[in-house]
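I opened this model to look up the nonpolar core first, and then a few loop residues. My entries follow in the order in which I looked things up.

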Amino acid sequence: MSDNRVAADQGGTASHDAPDTSRRDFLTYATAATGAVGAVFSAVPFLASWSPSERARALGAPVEVDVSKIEPGQMVTLTWRKQAIYVVHRTSDMVAKLPGIDGQLTDPGSAASTQPDYATNANRALREQYLVVVGHCTHLGCLPKARFELTQPDLGADWPGGFFCPCHGSKFDMAGRVFNGSPASTNLVIPPYSFSNDSTLVIGKDDVAQGAA
Ligand code: FES
């Protein structure tokens, strides 16, 4: 396992953002990448003197996640390039609901939203069971809360599960697509990512094998 790799059973602490499901469902991981980059800054004070590879690492090294440790229905939160990244292991029910709610969404096809080409499908994902999304609201950048349970009286009787931004009320579905009537006008951003093998998600790098296992 590389220095940047995080797994659901390693070093995690329960997120303080845990919404309305059990704390164990929402884990926050600080990646070793931050420390590694900090060490480089201490040793070499002038960025201009670095090699191209050192500069690339300072901008944010890829982060690996062992998705085999994330149970269906769980979400983990980690940091990449100073952004919160949400990784959700969607259940088959969550995936099945996605095509049926297009009429409730502002940008169901993600035409006006930001994601890699390989995430423009209905699931917005390389593998339908895993949502990988930047966890900052596209309105003003707050952190939307996971609201995966279908029984959410404050979100409406037909709430299909997703994310709710408490700052100004934007709602997003289980693919990070924004609902009509939200202050946010575009879907949550999908970062570049890939899978280097069946269980290893690499965030920040999409030039390795992306096999849809
Ligand atoms: S920042 Fe999310 S709704 Fe305003």
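**Core and loops**

I looked up the contacts of Leu201 and found that, leaving out residues up to four places away in sequence, Leu201 touches Glu64, Val65, Val67, Val87, Tyr130, Val132, Tyr193 and Phe195, a contact being two C-beta atoms, placed from the backbone, within 7 Å. I note that this is a predicted model, in which local features need pLDDT of at least 70 and side-chain atom pairs count only at pLDDT 80 or more, while totals for chains, interfaces and linings use all residues. Residues are numbered from 1 along each chain as its sequence is written.

I then turned to the largest nonpolar core (buried Ala, Val, Leu, Ile, Met, Phe, Trp, Tyr and Cys residues joined through C-beta atoms within 7 Å), which has 41 residues, and in which Ile85, Val87, Val132, Leu201 and Ile203 touch the most other members. Among the strands that each supply at least two residues of this core are β6 (83-89), β7 (130-134) and β12 (200-203), strands being DSSP E runs of at least two residues and helices H or I runs of at least four, numbered from the N terminus.

Next I looked up two positive phi values. Arg81, in the loop between β5 and β6, has a phi of about 50 degrees although it is not a glycine, and Arg124, in the loop between α3 and β7, has a phi near 55 degrees. Most residues other than glycine have a negative phi. Arg124 is buried because 26 other C-beta atoms lie within 10 Å, the cut-offs being 20 or more for buried, 12 or fewer for exposed, and partly exposed in between, with C-beta atoms placed from the backbone.
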